[in-house]
Amino acid sequence: MSEKQEFAFEMAVSNIRFGAGVTRELGMDLADAGARNVLVITDPVVKTTPAAHVAFESLDASRIPYCVYDRVRVEPTDESFLDAIAFARQGSERGRYDAFVALGGGSTIDTAKAVNLYTTHPPEEFLDYVNPPIGKGIPVPGPLKPLLAIPTTAGTGSETTGVSIFDLSRMHAKTGIASRRLKPTLGYLDPENTRTMPPQVAASSGLDILSHAIESYTALPFSERPRPERPALRPAYQGSNPISDIWSLQALRMVAKYIVRAVEDPSDDEARANMILAASYAGVGFGNAGVHLPHGMSYPVSGHVNGYRAPGYAVDHPLIPHGFSVILNAPAVFRFTASARPERHLQAAEALGADVSRARCEDAGNILSDRIVWFMERLKTPNGLREIGYCSSDIPTLVQGTLPQHRVTKLSPRPAGTEDLSRLFEESMVAW
Ligand SMILES: NC(=O)c1ccc[n+]([C@@H]2O[C@H](COP(=O)([O-])OP(=O)(O)OC[C@H]3O[C@@H](n4cnc5c(N)ncnc54)[C@H](O)[C@@H]3O)[C@@H](O)[C@H]2O)c1
């Protein structure tokens, strides 16, 4: 074994509680933890849903003093993070907050992680904690305050991960902060909370699960990354590894069985329950293994939104839903990466329901990509980047926005340079 090559991986566990109605236990948990001044972080739409009523009732029943911040931006930016951080820094009349509750989708949970970090360990500059090469990547110096996360979408798995993603407005590309210390203290997986998702939100967030699981399963193996100087510098995203594999493959099987049902019939309790579980399964998988090109390429796609307004998203700004920005790149990417790990691409296709009994390794990319496109058509995603406002002349900009996303692009099982990325974006213009 080379001295310079990684030989170990580390599994960071995530605390989750699953069950229809677990949101009602929020107040009791905070009372047991001795919380005296709680900030609930949510977005303006989720604040009006039954999920929020149940959470507020639970806090009232346990006499937990709390304030609400309801200005989370859907697809957060550095400015929206700073707005939430400034609100939290002011504290309430009871002083500083001693615990946080995130109630919403990935946008809300990621905002709450940033609020927790920036109010507990304020940095000198905003970019200090942000992933290099965009930020300085300074390690989080100590533990954070309790953060209880209640996802209301079934997608990001952010309730299980140590990652907080935002759009850096001046770069028009997403980046993030990654540290195991950002992980929520507990994630409440309550299928009652996803019942009110509009179908487009259910489709986009569900396809995010699908891509998380395939990307982490097909990522560069952990043993092919360079060994860090100190164990503490081992990244959260370490490459595919035998423990993440189990979570990722199982998530794929669940998505294959339930995504269409959950999107088409929000009253299907079994489908919603399995999708919210699958989001966390994939979260545990990719939270330790990482994602690669579909996510890396999605960051400039959502950052350069050009007036596109996603149906079903009740927001006052143009927006490309995260899950769509990822999945539109996925078929081209997996056709490209399959040659590096064909068996894994075939296993992922099989978990998604494809017949691979007579498949040859050289067909792996097409088989997996065709299966993904089948789900995209059925779930009525936009038909490629062209439908959300991009054309070939945008490709150099999209490539420039992808290249700095080292944290994820370096986990691609097949390295992708400028020309490869240009071709992948071109192929992603039309999906079927
Ligand atoms: N931290 C991580 O590990 C991680 C992983 C993947 C994605 N993300 C980030 O998460 C964000 C996307 O999050 P998301 O897909 O969960 O959606 P979201 O939080 O952006 O919400 C999408 C829309 O759905 C609405 N909504 C949410 N739940 C609802 C409900 N139950 N009923 C009705 N409306 C509801 C919201 O108000 C919003 O309009 C992106 O910024 C992405 O980069 C983070």
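Me: Which residues are closest to the ligand?
Reply: Let's start at the ligand in this predicted model. It is surrounded by 37 residues. The closest are Val45, Gly105, Gly106, Ser107 and Thr156.

Me: Which helix gives the most to the shell around the ligand?
Reply: Several elements supply at least two residues each: α4 (106-120), β6 (163-168), α5 (199-218) and α9 (322-327). The shell also draws at least three residues from each of domain 1 (21-189) and domain 2 (199-427). With four residues, the element that gives the most is α4.

Me: How many residues of the shell around the ligand are polar?
Reply: The shell divides into three classes, and 12 of its residues are nonpolar. Another five are charged. The polar residues number 20.

Me: Why do the buried residues of α15 lie on the same side of the helix?
Reply: Helix α15 spans residues 418-427, and Leu421, Leu424 and Phe425 are buried there. They lie on the same side of α15 because they cover an arc of only 100° around the axis. What covers these buried residues includes α8 (293-303), α10 (330-337) and α13 (395-402). So the reason for the shared side is the arc of only 100°.

Me: What is the radius of gyration of the protein chain?
Reply: The chain has 15 helices and eight strands. For its 432 residues the globule rule gives 22 Å, and the chain's own value is close to that, so it is as compact as a globular protein of that length. The radius of gyration is 20 Å.

Me: What share of the residues of the protein chain count as buried?
Reply: The C-alpha atoms fill a box of roughly 65 × 50 × 40 Å along the principal axes. Of the 432 residues, the share that count as buried is 55%.

Key. Residues numbered from 1 in each chain as written. Predicted model: local features only at pLDDT ≥ 70, side-chain atom pairs only at ≥ 80, totals over all residues. Near = placed C-beta within 6 Å. Nonpolar A, V, L, I, M, F, W, Y, C, P; charged D, E, K, R; others polar. Domains from an automatic or database assignment. Buried ≥ 20, exposed ≤ 12 C-beta atoms within 10 Å, placed from the backbone. Arc of directions from axis to C-beta. Contact = placed C-beta atoms within 7 Å. Rg over C-alpha atoms; globule rule 2.2 N^0.38 Å.
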